[in-house]
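Please open the model in your viewer and keep the selection panel at hand. The tour goes from one selection to the next and says what to look for at each stop.

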There are 2 protein chains.
Amino acid sequence: MSEALANTDRTPPERISEAEHAVMEVLWAKNSASAADVCDALCEARDWGLATVKTLLSRLVVKNAIASRPDGRRFLYSPLIARSDYVGDESQRFVERLFGGRPASLFAHLAEAERLTPDDVAEIEALLKELKS
Amino acid sequence: MSEALANTDRTPPERISEAEHAVMEVLWAKNSASAADVCDALCEARDWGLATVKTLLSRLVVKNAIASRPDGRRFLYSPLIARSDYVGDESQRFVERLFGGRPASLFAHLAEAERLTPDDVAEIEALLKELKS
DNA sequence: AAGAAATGTTTACAGCCGTAATCGTCACGT
DNA sequence: ACGTGACGATTACGGCTGTAAACATTTCTT
């Protein structure tokens, strides 16, 4: 699902900042939302004004990360890039930068720093088992 | 090892940028280096001039991430923060931001995106086994 | 001794980021 | 019909980043 028709005009996807990412999460969750909706979801927690949300939304539009379509007097915004793509790219960069591109090193670090709960360990074990099937 | 005497003056450690991080990696590797040394290690690959390295070094000094001590006519720079601390903090932030703080989710993603080589899998398995002993 | 080379320090400057305020417009209530 | 409010668009502005150039000083070289 969700291939064809996407990605015309493809300028290399510009980087999404931290604050912008918070907005993206809301859009990914709701699939489509107005500025006010996004503000409802974030303004309290991040201590933002509606104006800030609007700025971030327009920047995301310029960056071609979301689309805006008119709905009556306001606009509805929806993601143009899939969350899994975004997360994948970021993970890639992250592992690249800090662990020489070796996921195992990341794992080693987490283990050593005791950031893995027994639940995490169990879950990862399960994933590994599944991978080998 | 390496407690006491460190961390006087503790202003909350300012954030290190991407370019600065590259410099840190060199210092972590060499433990102590001059601007020219750092440039030797990076300027070609990143297409930087020596001036750029100097700027980054002074910013790192200001940020209290490295110390500079005179050595004849030049200065030698050395890390004030441990790589493992840095990596730990960054990992924390990253997993927090993109995976709701659940490392297992990160693995799930890497696995699903087929970013885990068989070697990675083997290595992680070995680490897991060790963890459980 | 004088010019060249090496070094740290200061200044620069455009672009991105966080965080808005202001402006122009259009719909809605009264 | 008019004021009020909701909305998007435009403008703002200081801080951080990437990427240096210019400057001052000291030391080698010839």
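Begin by selecting DNA strand D in this predicted model, and then display the 23 residues that surround DNA strand D, the closest of which are Arg74(A), Ser17(B), Glu18(B), Ala19(B) and Thr55(B). Colouring by element shows that two or more residues each come from α2 (35-46), α3 (50-62) and β2 (74-79) of chain A, and likewise from α1 (18-30) and α3 (50-62) of chain B. If you colour this surface near DNA strand D by residue class instead, you will find eight nonpolar, seven polar and eight charged residues.

Next, select DNA strand C, which is surrounded by 22 residues, with Ser17(A), Ala19(A), Gly49(A), Arg74(B) and Phe75(B) as the closest. Here the elements that give two or more residues are α1 (18-30) and α3 of chain A, along with α2 (35-46), α3 and β2 (74-79) of chain B. Pause on α3(A), since the largest share of the surface near DNA strand C, four residues, belongs to this helix. By class, the surface near DNA strand C holds seven nonpolar, seven polar and eight charged residues.

Finally, hide the DNA and turn to the place where the two protein chains touch. How many residues does each chain bring to the contact? Chain A brings 26 residues and chain B brings 25 residues. On the side of chain B that touches chain A, select α4 (83-99), α5 (103-112) and α6 (118-131) of chain B, the elements that give two or more residues to that side. Coloured by class, this side of chain B divides into 17 nonpolar, three polar and five charged residues.

Conventions
Residues numbered from 1 in each chain as written. Chains lettered and ligands numbered in written order. Predicted model: local features only at pLDDT ≥ 70, side-chain atom pairs only at ≥ 80, totals over all residues. Near = placed C-beta within 6 Å. Nonpolar A, V, L, I, M, F, W, Y, C, P; charged D, E, K, R; others polar. Contact = placed C-beta atoms within 7 Å.
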